[in-house]
Amino acid sequence: MPGKRKVSQHFLQLSREHAIIWRHVNALDDALKSSATVATLSDLLDDLSGDLAEHFALEEEVLFPAALMGLRDLDIIDHVVTLAKEHGYFERDFIELKNALLALDGQAPPPLKEHGQLETLLQCFRHHARIETDTLFAQMDRTPACTKILKGFLID
């Protein structure tokens with residue numbers, strides 16, 4: 001069981017993180033469309049991956065266990081397992097892409113291969129976030145058992 005966290009502080013942090021992460025994703029997307037340099041894309045990728053670490057930890061330590069215990073639905077269980085696996089895939093893919101970018105000329109736009117990898121990664125990330133917000137978190141919001149479980153994980 002995860003350590004206790006303050007409800008108000010950490011859920012406010014999570015909601016802010018979603019907005020911050022979307023700003024990072026949109027900045028990366030805009031940079032790709034404007035033929036940004038490898039150095040710019042690498043910096044933007046660093047910013048995103050840094051903020052994702054805490055975000056993923058909060059979801060995996062608190063929200064996902066609460067969903068599994070409170071919802072008890074096979075479709076939700078499948079979503080939670082998939083979402084947790086995807087966190088690991090995103091972390092791995094960010095590292096691989098960052099290493100690939102480091103090997104390139106920082107002042108030039110990325111070659112098509114790396115450009116395509118980043119576009120695909122952002123598309124997958126958007127899909128992942130939609131499943132979290134539209135399916136998992138929405139159902140948790142409608143389920144009193146989830147609120148009760150979350151209060152057991154967290155302290156005021």
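Asp 46 and Lys 98 form a salt bridge in which the closest N and O atoms are 3.0 Å apart. Asp 46 sits in helix α2 and Lys 98 in helix α3, so this pair ties together parts that are 52 residues apart in sequence. The model is predicted. Its chain has 156 residues, of which 40% are buried, and its secondary structure comes to five helices and two strands.

**Fold and contacts**

- Read along the sequence, the elements follow the pattern β-α-α-α-α-α-β.
- Among the contacts with a separation of 6 or more, 83% are between residues 24 or more positions apart.
- The chain exposes about 8500 Å², and carbon and sulfur atoms supply 55% of that area.

**The Asp 46 – Lys 98 pair**

- The two partners fall into separate burial classes: Asp 46 is partly exposed, with a relative accessible area of 35%, whereas Lys 98 has 16% and counts as buried.
- The class of Lys 98 follows from the cut-off, because buried means under 20% relative accessible area and Lys 98 has a value of 16%.
- Asp 46 has a value of 35%, which lies between the 20% limit for buried and the 50% limit for exposed, so the term partly exposed applies.

**The network around Asp 29**

- The chain has a count of four salt bridges, and the Asp 46 – Lys 98 pair is one of them.
- Salt bridges that share partners join Asp 29, Lys 33 and Arg 126 into one network.
- Asp 29 takes part in both links described here: with Lys 33, where the closest N and O atoms are 3.1 Å apart, and with Arg 126, where they are 3.6 Å apart.
- The Asp 29 – Arg 126 pair links distant parts of the chain, with Asp 29 in helix α1, Arg 126 in helix α4 (residues 112-141) and their positions 97 residues apart.
- Lys 33 and Asp 29 both lie in helix α1 (residues 7-33), four residues apart, which is about one turn of the helix.
- Asp 29 and Arg 126 are both buried; for Asp 29 the relative accessible area is 17%.
- Lys 33 is exposed, with a relative accessible area of 64%.
- The Lys 33 – Asp 29 bridge therefore pairs an exposed lysine with a buried aspartate.

**His 55 in helix α2**

- His 55 lies in helix α2 and is buried, with a relative accessible area of 3%.
- The side chains of His 55 and Glu 59 are joined by a polar contact of 2.9 Å.

**Nonpolar surface patch**

- Leu 68, Leu 74, Ile 77 and Val 81 form a nonpolar patch on the surface, and their accessible area together is about 340 Å².
- Helix α3 (residues 74-102) contributes the largest share of the patch, three residues.
- Leu 68 belongs to helix α2 (residues 38-71).
- Leu 68 is partly exposed, with a relative accessible area of 33%; a patch residue needs over 30%, so Leu 68 passes that cut-off.
- Helices α2 and α3 thus appear in two of these topics: the patch, through Leu 68 in helix α2 and three residues from helix α3, and the salt bridge between Asp 46 and Lys 98.

Note on methods: Residues numbered from 1 in each chain as written. Predicted model: local features only at pLDDT ≥ 70, side-chain atom pairs only at ≥ 80, totals over all residues. Heavy atoms only, no water. Buried < 20%, exposed > 50% of the residue type's maximum accessible area, 1.4 Å probe, protein only. Contact = heavy atoms within 4.5 Å. Areas by Shrake-Rupley, 256 points an atom, 1.4 Å probe, with all protein chains shown as cover. Patch = residues over 30% accessible without salt bridge, like charges linked within 9 Å, V, L, I, M, F, W, Y side chains within 5 Å. Salt bridge = Lys/Arg side-chain N within 4 Å of Asp/Glu carboxyl O. Polar contact = N/O pair within 3.5 Å; in protein donor to acceptor, adjacent residues only side chain to side chain.
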